[in-house]
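Here is a friendly walk through one protein chain, from its overall layout down to a few charged side chains. Have the sequence and the 3D view open as you read.

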Amino acid sequence: MSKKLVYLQPAPVRIWHWLNALGIVTLIISGAQIRFPEYVPILGSYRAAINLHNTAGIVVALSFSIWFFYYKMLAHTLEKTYVPNTEDLTTGLFRQAVFYFLMYFFGTPNPHHPTPEHKFNPLQKSAYLLIMFLLMPLVSLTGIVLMNIGPMRELVLMIGGMKLLSTLHFLLACSLCAFLFTHVYLATLGKSPMAYIKPMWTGWEEEDEREDHGKHDDHEVGDKRQ
């Protein structure tokens with residue numbers, strides 16, 4: 001059957017993705033030990049967990065800045081890639097939700113066919129918009145304040161005190177952790193469990209020509225015969 005390879009993930013995006021994933025996993029593990037030291041003594045001492053958590057937090061915050069700079073200033077595709085359009089909101093969200101929760105299990109093809117300009121389906125856009133523009137900034141900001149309690153004492157009091165701030169940071173982190181598990185699960189819902197994961201290593205996603213619908217430009221697509 002005729003196949004096409006669509007180049008979806010440029011090298012800078014793939015590098016950022018895996019470094020960011022490593023940073024977030026490190027934050028989850030070290031954060032779990034900080035919150036529940038008696039149950040998660042993975043990283044040795046409590047102080048070691050705090051130091052690793054703070055370092056990983058800084059790396060992830062910087063990574064977020066690099067991600068924003070790349071899509072906004074270099075690729076110029078931030079809004080198109082991550083902001084749902086009118087069609088996404090009116091019909092796309094429902095269509096994609098029906099696919100994930102029902103039609104996928106009957107072998108129905110994914111209604112979304114990714115291109116370099118439209119990599120994400122409507123549900124992905126909506127989720128990433130929430131994660132990248134609300135959850136990640138809030139987790140980073142609350143973490144930065146917690147790292148600088150002394151200099152930011154007035155801000156901590158304005159927020160409601162140390163206890164409220166740490167609870168807010170923890171709940172935001174739990175939300176990010178829940179997204180991570182959902183993200184990994186949905187990434188396995190391709191033609192094979194690795195179909196959507198391979199492009200984050202190689203940059204290329206394989207599609208049947210019958211599913212292409214003429215959306216890909218010739219210079220963006222390579223042919224593969226089997």
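From the N terminus onwards, the order of elements in this chain is β-α-α-α-α-α-α-α-α-β-β. That comes to 8 helices and 3 strands. Please keep in mind that the model is a predicted one, and that every value below was computed from it.

**Overall layout**

The C-alpha trace extends over about 60 × 35 × 35 Å along its principal axes. Of the 226 residues in the chain, 35% are buried. The exposed surface of the chain is about 13,400 Å², and 70% of this is supplied by carbon and sulfur atoms. If we take the contacts between residues at least 6 apart in sequence, 67% of them join residues at least 24 apart.

One place to look at such a meeting in the 3D view is P116, which sits in the loop between α4 (86–101) and α5 (122–147). Its C-alpha atom is 4.9 Å from that of L8, although 108 residues separate the two along the chain. P116 itself is partly exposed, with a relative accessible area of 24%.

**Charges and salt bridges**

Now to the charged groups. The chain carries 18 positive and 17 negative side chains, and 8 Å separates the centres of the two sets. In general, side chains of opposite charge can pair when their charged atoms come close. How many salt bridges does the structure hold? There are 3 salt bridges in this model, listed here with their N to O distances.

| Salt bridge | Distance, N to O |
|---|---|
| E79 and K72 | 2.5 Å |
| K125 and D88 | 3.0 Å |
| R153 and E154 | 3.8 Å |

Are the partners in the K125 and D88 salt bridge buried or exposed? K125 has a relative accessible area of 4% and D88 has one of 9%. Both residues count as buried because these values fall under the 20% cut-off. The bridge between K125 and D88 also links distant parts of the chain, with K125 in helix α5 and D88 in helix α4, 37 residues apart.

The setting of the E79 and K72 pair can be read from the relative accessibility of each partner. E79 is partly exposed at 41%, and K72 is partly exposed at 31%. In the remaining pair, where R153 meets E154, E154 is exposed, with a relative accessible area of 56%.

Terms used. Residues are numbered from 1 along each chain as its sequence is written. This is a predicted model: local features need pLDDT of at least 70, side-chain atom pairs count only at pLDDT 80 or more; totals for chains, interfaces and linings use all residues. Side-chain values use heavy atoms; hydrogens and water are left out. Helices (H or I, at least four residues) and strands (E, at least two) are DSSP runs, numbered from the N terminus. Buried means under 20% relative accessible area, exposed over 50%, partly exposed in between (1.4 Å probe, protein chains only). Contact means heavy atoms within 4.5 Å. Accessible areas come from the Shrake-Rupley method with a 1.4 Å probe; for residues, only the protein chains shown count as cover. Lys and Arg count as positive and Asp and Glu as negative; His and the chain ends are not counted. The place of a charge is taken as NZ of Lys, CZ of Arg, CG of Asp or CD of Glu. A salt bridge is a side-chain nitrogen of Lys or Arg within 4 Å of a carboxyl oxygen of Asp or Glu.
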